[in-house]
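Dear colleague,

I am handing over the structure below, and I would be glad if you could look through it with the notes that come after it.

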Amino acid sequence: MRNFKINFREGPNAKIVDLKGYLDAHTAPELENALLKLVNSKQYNIVVNCKNLSYISSAGLGVFMAYIEEVRKNKGDIKLTNMSPKIFNVFDILGFPLLYEIYNTEMEALKKFVKH
Amino acid sequence: MSKSTKNISKQLKLKIFSKTESLVKVRNFVNKEALNFGFDEDTVNKIVLAVDEACTNIIKHAYKYIPDKIIEIEVKPNNEKFEVKLTDYGISFDPEAIKTPDIKSYIMKYRKGGLGMYLIKSLVDKVEYNVNQTKCNTVRLIKYKN
């Protein structure tokens, strides 16, 4: 049974990554591969939509941590959106709102990627 | 005989193999028992995540991802607290060796190791590690009823 799914969409000036289901130590490598694919193809503007994400453990959060430095070195960013209070709470305990921009809507995040 | 409060203590056990795909089974088991205990959804979510993190630590550090080892999960609810005891037979873990990081400065350096340990401590009321000579390690995660 697959309990985690990743979908890619094209946004204006950014790639949108939709997460669905349960992101734990078992499914985190799938997200790792997905972000690696984006970074390898030089797509550094990334919006991760967490609307349908039901669960996250530290293994999932660690994946964002693994790529944020490289993405920002290349003038991009990983911005997170549409988190339920349950998901936000886990990010919050670990202080992630200090490190990541988290928005209520996808549109707000996409606007931040406007070209200068 | 006095009408003393009846002790509702009971024990519930689950045995899993040390692979990450077993985590869903652990979460479902703990979720069900924590709900039965009477915790609200938010507290149940915290306990489930703490147990997931502790199991992940065992799979990763005690068993080094060897998938055919055993982890025992025992739920012990009683009148005042909900306890989850995890037992493994892998490499002993010294909790004293891991200092709780100053999480803010830690993540600002993009460090990701140790996040699980920090989460466990934040999510439950008490964490007790016990390493004994028979090569069995236990960790008890305790949440009080209030």
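What follows is a short account of confidence, core and chain contact.

This is a predicted model, in which local features need pLDDT of at least 70 and side-chain atom pairs count only at pLDDT 80 or more, while totals for chains, interfaces and linings use all residues. Residues are numbered from 1 along each chain as its sequence is written, and chains are lettered from A and ligands numbered from 1 in the order in which they are written.

For the complex, the predictor gives an ipTM of 0.93 and a pTM of 0.91. Chain B has a mean pLDDT (the predictor's confidence in each residue, from 0 to 100) of 87, with 84% of its residues at 70 or more. Over residues 1-7 of chain B, however, the pLDDT is below 50, and this stretch has 3 contacts beyond near neighbours in sequence, a contact being two residues whose C-beta atoms, placed from the backbone, lie within 7 Å. Where pLDDT is low, the predicted coordinates should not be read in detail.

Leaving aside neighbours within four places in sequence, B:Ala54 is in contact with B:Leu86, B:Ile120, B:Val139 and B:Leu141.

Where the two chains meet, the contact takes 22 residues from chain A and 20 residues from chain B. By class, the side of chain B that touches chain A has 10 nonpolar residues (Ala, Val, Leu, Ile, Met, Phe, Trp, Tyr, Cys and Pro), 5 charged ones (Asp, Glu, Lys and Arg) and 5 polar ones (the others, Gly among them).

With best wishes
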